[in-house]
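Visitor: I should like to learn how the features of a structural model are to be read. May we proceed feature by feature, with the general idea stated before the particular case?

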Amino acid sequence: MVYLTRIEHFNAAHRLYNPDWTPEQNDEVFGKCANTNWHGHNFELFVTVKGIPDPATGFIFDAKKLSVIVKERIIEKLDHRNLNLDVDFMQGKLCSIENLVIGIWNELVPALPSRVQLHCLKLVETPKIYVEYYGDKFP
Ligand code: NI
């Protein structure tokens, strides 16, 4: 298998807040991230697909086509948005990058052609924090 990664970028606002908790509990757990008036990040999304090179093109998948799919299905929904309020697949979920990367995975998988397989999503929130997801299911 060969692994191909395309990087896309988006800016978005969010807030970490558990509505079942008091403001004090939210402040204690989430600190500044619970700020009522939101905060923003410049996110980088690394989309890695795997496959076998096509003999006719040498590509496992055209990176430009991958970019178009990611932009249409994901970036359009997230860029310059409020992740808590504006994004359909984040409704009712705590807006952490862990939950966001799972949501992105579930949106992206059905949009990819069958001959490539999504291998990994890496979502970078700050220069010091990122998450990776490989599609593992949870009980
Ligand atoms: Ni944040």
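**Reading the sheet, the metal site and the charged pairs**

Guide: Let us begin with a single pairing: Val-2 stands opposite Gly-51, a residue of strand 2. Please keep in mind throughout that this is a predicted model.

Visitor: How many bridges join strand 1 to strand 2, and do the two run parallel or antiparallel?

Guide: The general idea is that strands of a sheet pair through backbone hydrogen bonds, in either a parallel or an antiparallel sense. Here strand 1 (2-14) and strand 2 (residues 39-51) run antiparallel and are joined by 13 bridges. Besides the pair already named, Ala-13 is placed opposite Gly-40 of strand 2.

Visitor: In which sense does strand 1 pair with strand 3?

Guide: Strand 1 and strand 3 (residues 81-82) pair in the parallel sense, over two bridges. Ala-13 appears here too, standing opposite Asn-82 in strand 3. Ala-13 thus has a partner in strand 2, Gly-40, and a partner in strand 3, Asn-82.

Visitor: What is the order of the strands in the sheet, and which are the edge strands?

Guide: The sheet is open, has five strands in the order 3-1-2-4-5, and shows mixed pairing. Its edge strands are strand 3 and strand 5 (129-133), each of which pairs on one side only. As for side chains, the general rule is that in a regular strand they alternate between the two faces of the sheet.

Visitor: Which residues coordinate the nickel ion, and at what distance?

Guide: The nickel ion is coordinated at 2.1 Å by the NE2 atoms of His-14, His-39 and His-41. Along the sequence, the spacing of these donor residues is H-x24-H-x1-H. Distant parts of the chain are linked in this way: His-14 belongs to strand 1 and His-41 to strand 2, with their positions 27 residues apart.

Visitor: Are His-14 and His-41 buried or exposed?

Guide: Both His-14 and His-41 are buried. On angles, the general reference values are 109.5 degrees for four tetrahedral donors, and 90 or 180 degrees for six octahedral ones.

Visitor: How many salt bridges does a search of the whole structure find?

Guide: The general idea is that side chains of opposite charge can pair when their charged atoms come close. A search of the whole structure finds four salt bridges. One of them joins the side chains of Arg-6 and Glu-8, with an N to O distance of 3.0 Å. Arg-6 is partly exposed at 26% relative accessibility, whereas Glu-8 is buried at 7%. Arg-6 and Glu-8 also belong, with Lys-71, to a network of salt bridges.

Visitor: With which residues does Lys-77 form salt bridges?

Guide: The side chain of Lys-77 meets that of Asp-88 at 3.1 Å, N to O. Asp-88 lies in the loop between helix 3 (83-86) and helix 4 (97-108), while Lys-77 lies in helix 2 (residues 63-78), so this pair ties together parts eleven residues apart in sequence. Lys-77 also forms a salt bridge with Glu-107, whose closest N and O atoms are 3.0 Å apart. Glu-107 is in helix 4 and Lys-77 in helix 2, so the parts tied together here are 30 residues apart in sequence. Lys-77 itself is partly exposed, with a relative accessible area of 25%.

Visitor: Why is Cys-95 not bonded to Cys-33?

Guide: The structure holds zero disulfides. The sulfur of Cys-95 is 11 Å from its closest cysteine sulfur, that of Cys-33, and this is too far for a bond; the cut-off for a disulfide is 2.5 Å. Cys-95 is buried, with a relative accessible area of 2%, whereas Cys-33 is partly exposed, at 29%.

Visitor: Which residues make the nonpolar surface patch?

Guide: Met-1, Tyr-3 and Ile-52 make a nonpolar surface patch of about 380 Å². Met-1 is found in the segment before strand 1 and is exposed, with a relative accessible area of 63%.

Visitor: Where is Thr-36 found?

Guide: Thr-36 is in the loop between helix 1 (23-30) and strand 2, and is exposed at 53% relative accessible area. Its C-alpha atom is separated by 7.3 Å from that of Arg-15, a residue 21 residues apart from Thr-36 along the chain.

Key: Residues numbered from 1 in each chain as written. Predicted model: local features only at pLDDT ≥ 70, side-chain atom pairs only at ≥ 80, totals over all residues. Heavy atoms only, no water. Patch = residues over 30% accessible without salt bridge, like charges linked within 9 Å, V, L, I, M, F, W, Y side chains within 5 Å. Areas by Shrake-Rupley, 256 points an atom, 1.4 Å probe, with all protein chains shown as cover. Helix = DSSP H or I, 4+ residues; strand = E, 2+ residues; numbered from the N terminus. Buried < 20%, exposed > 50% of the residue type's maximum accessible area, 1.4 Å probe, protein only. Pairing = 2+ DSSP bridges. Donors = N, O, S within 2.8 Å, 3.2 Å for Na, K, Ca; no water.
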